[in-house]
Amino acid sequence: MGVEFLWGGRVTGLDSSGVRIDGMRHLFRWLVGADGRDSAVRKWARLNTRGGRHRRFGFRRHYLITPWTDMVEVYWGERCQMFVTPTGSEEVSVSLLTSDPQMRIDRALPHFPSLARRLHGAATLTTELGAVTAFERARAVVRGKIALVGDASGSVDGIAGLGLSLAFQQAIFLGEALARKDLEYYQAAHRRICKIPTRLNRVLLLMSESAWMRRKVLRLFAKSPGMFGALISLHTGQRAPEELKAGEVIDLGWRVLWA
Ligand SMILES: Cc1cc2nc3c(=O)[nH]c(=O)nc-3n(C[C@H](O)[C@H](O)[C@H](O)COP(=O)(O)OP(=O)(O)OC[C@H]3O[C@@H](n4cnc5c(N)ncnc54)[C@H](O)[C@@H]3O)c2cc1C
């Protein structure tokens, strides 16, 4: 396809016609900022994210243990959640998301006794790594010949489990937009792609902060697995938001209140 990759190259400068990579200047017709949450391209193009970003901290470590389920398990606690993902025949990945900068996996485990019991005595395979996870949106994702994609264009909190999926969906539309030479097409698609995940992310963060709401929602889901399934289908894009009738949304609100 005539693509030249500059693996490991670092963009160190930008101006209206070119980028500087490891001291060499490269001209561009289009510039795609796919450089993550702290995107230099976004800052340079003044496509800053909206104020009020919601930041939390994420950690993960792998354990040598036979997975006890083929599902992803989500544990909800006070100001933190833990996720268990089977990642091999003898390996599980354990992640923590928290708003407490002091918390780490070992300090969080006592909040989740059933998980702590499962992991008790299991050797760790990796060291604990951490990163900031943020919920933030860019006002616009295109300007002139520049487009942002993935976390550079705004990110959802790790709790949504959607960051990669959004980036891939956006990339497909960005490819089409470049073929049409029409970045507004991408801007419109980006808004559409992010609308429902953004709303669901707000609800999930609200649940993480309110024990009252968390209890109500989880009680309702335990009573109505069908409803939980329907919301997961919406969350993962298997069900189109248009299919959700207004009556269903109001009914869901009432059911949460009465749960
Ligand atoms: C704690 C945590 C948990 C998460 N959990 C999930 C999950 O369960 N499921 C999910 O789908 N997503 C999850 N995410 C989100 C997911 O990791 C991101 O959405 C995804 O990595 C975004 O990809 P990206 O390519 O846009 O950005 P990044 O992965 O950040 O990649 C950007 C790249 O640009 C490079 N770069 C930056 N600046 C320069 C420069 N000047 N020159 C050259 N290169 C540069 C960086 O080195 C990096 O390689 C989680 C994120 C966090 C922090």
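Two strands count as paired when DSSP finds at least two bridges between them. I adopted this criterion before reading the sheets, and I note that the model is a predicted one.

**Entry 1. The three-stranded sheet**

I looked up the order of the strands and found an open sheet of three, arranged β4-β12-β11, with mixed pairing. The edge positions are taken by β4 (31-33) and β11 (142-143), each of which pairs on one side only. I then examined the contact between β11 and β12, which is antiparallel and rests on two bridges. Within it, Val 142 has Ala 147 of β12 as its bridge partner.

**Entry 2. The N-terminal hairpins**

I turned next to β1, β2 and β3. Strand β1 (residues 11-14) is joined to β2 by three bridges, and the two run antiparallel. Val 11 faces Ile 21 of β2 in this pairing. Three residues lie between β1 and β2, and the two strands form a hairpin.

On to β3 (residues 24-27): this strand pairs with β2 over four bridges, in the antiparallel sense. Here Val 19 stands opposite His 26 in β3. β2 and β3 also make a hairpin, with two residues between them. I checked the backbone of that turn and recorded a positive phi of about 50° for Asp 22.

**Entry 3. The pairings of β10**

Which strand does β5 (residues 54-64) run antiparallel to, joined by seven bridges? The partner is β10. I noted Phe 59 opposite Gly 130 of β10 as one facing pair. β10 also pairs with β13, again antiparallel, through two bridges. In that pairing Glu 136 stands opposite Ser 155 of β13.

**Entry 4. The nonpolar cores**

I listed the members of the largest nonpolar core, which number 21, and asked which of them touch the most other members. They are Leu 31 and Tyr 186. The elements that contribute two or more residues to this core are β2 (18-21), β12 (146-148), α4 and α5. A second core, separate from this one, has 17 residues, among them Ile 65, Tyr 75, Phe 112 and Leu 119.

I then took the contacts of Leu 31, leaving out residues up to four places away in sequence. The list comprises Leu 14, Val 19, Val 41, Trp 44, Lys 145, Ile 146 and Ala 147. Two of the names have already appeared in these notes: Val 19 as the residue opposite His 26, and Ala 147 as the bridge partner of Val 142.

**Entry 5. The cavity**

How many cavities of 30 Å³ or more does the structure hold? I found one. The volume of the largest cavity is about 180 Å³. It is lined by 19 residues, and those closest to its centre are Arg 137, Ala 138, Ser 153, His 190 and Cys 194.

I sorted the lining by element. At least two residues each come from β10 (129-137), β13 (154-155), α4 (163-180) and α5 (183-209). The largest share belongs to α5, with five residues. Sorted by class, the lining has seven nonpolar, seven polar and five charged residues. β10 and β13, both named in this lining, are the strands I had recorded as an antiparallel pair.

**Entry 6. Three single residues**

*Leu 64.* This residue is in strand β5. Is Leu 64 buried, partly exposed or exposed? Its relative accessibility is 44%, and because the intermediate class lies between 20% and 50%, Leu 64 counts as partly exposed. Apart from neighbours within four places in sequence, Leu 64 is in contact with Glu 90, Ala 122, Ala 123 and Leu 125. I also took the C-alpha separation of Leu 64 and Phe 28, which are 36 residues apart in sequence, and obtained 47 Å.

*Lys 43.* I located Lys 43 in helix α1 (residues 40-44). Not counting residues up to four places away in sequence, Lys 43 touches Asp 38 and Asn 48. Ala 152 is 109 residues away along the chain, yet the C-alpha atoms of Lys 43 and Ala 152 are separated by 9.7 Å.

*Ser 114.* I placed Ser 114 in helix α3 (residues 113-119). With a relative accessible area of 37%, Ser 114 is partly exposed. The C-alpha atoms of Ser 114 and Tyr 75 are 9.8 Å apart, with 39 residues of separation along the chain. Tyr 75 was recorded in Entry 4 as a member of the second core.

Methods: Residues numbered from 1 in each chain as written. Predicted model: local features only at pLDDT ≥ 70, side-chain atom pairs only at ≥ 80, totals over all residues. Heavy atoms only, no water. 1 Å grid on protein atoms, 1.4 Å probe; cavity = no way out; pocket = protein on both sides within 12 Å on 5 of 7 lines; lining within 4 Å. Points joined across faces, edges and corners; volume = space filled by probe spheres on them. Nonpolar A, V, L, I, M, F, W, Y, C, P; charged D, E, K, R; others polar. Core = buried A, V, L, I, M, F, W, Y, C linked by side-chain atoms within 4.5 Å. Buried < 20%, exposed > 50% of the residue type's maximum accessible area, 1.4 Å probe, protein only. Contact = heavy atoms within 4.5 Å.
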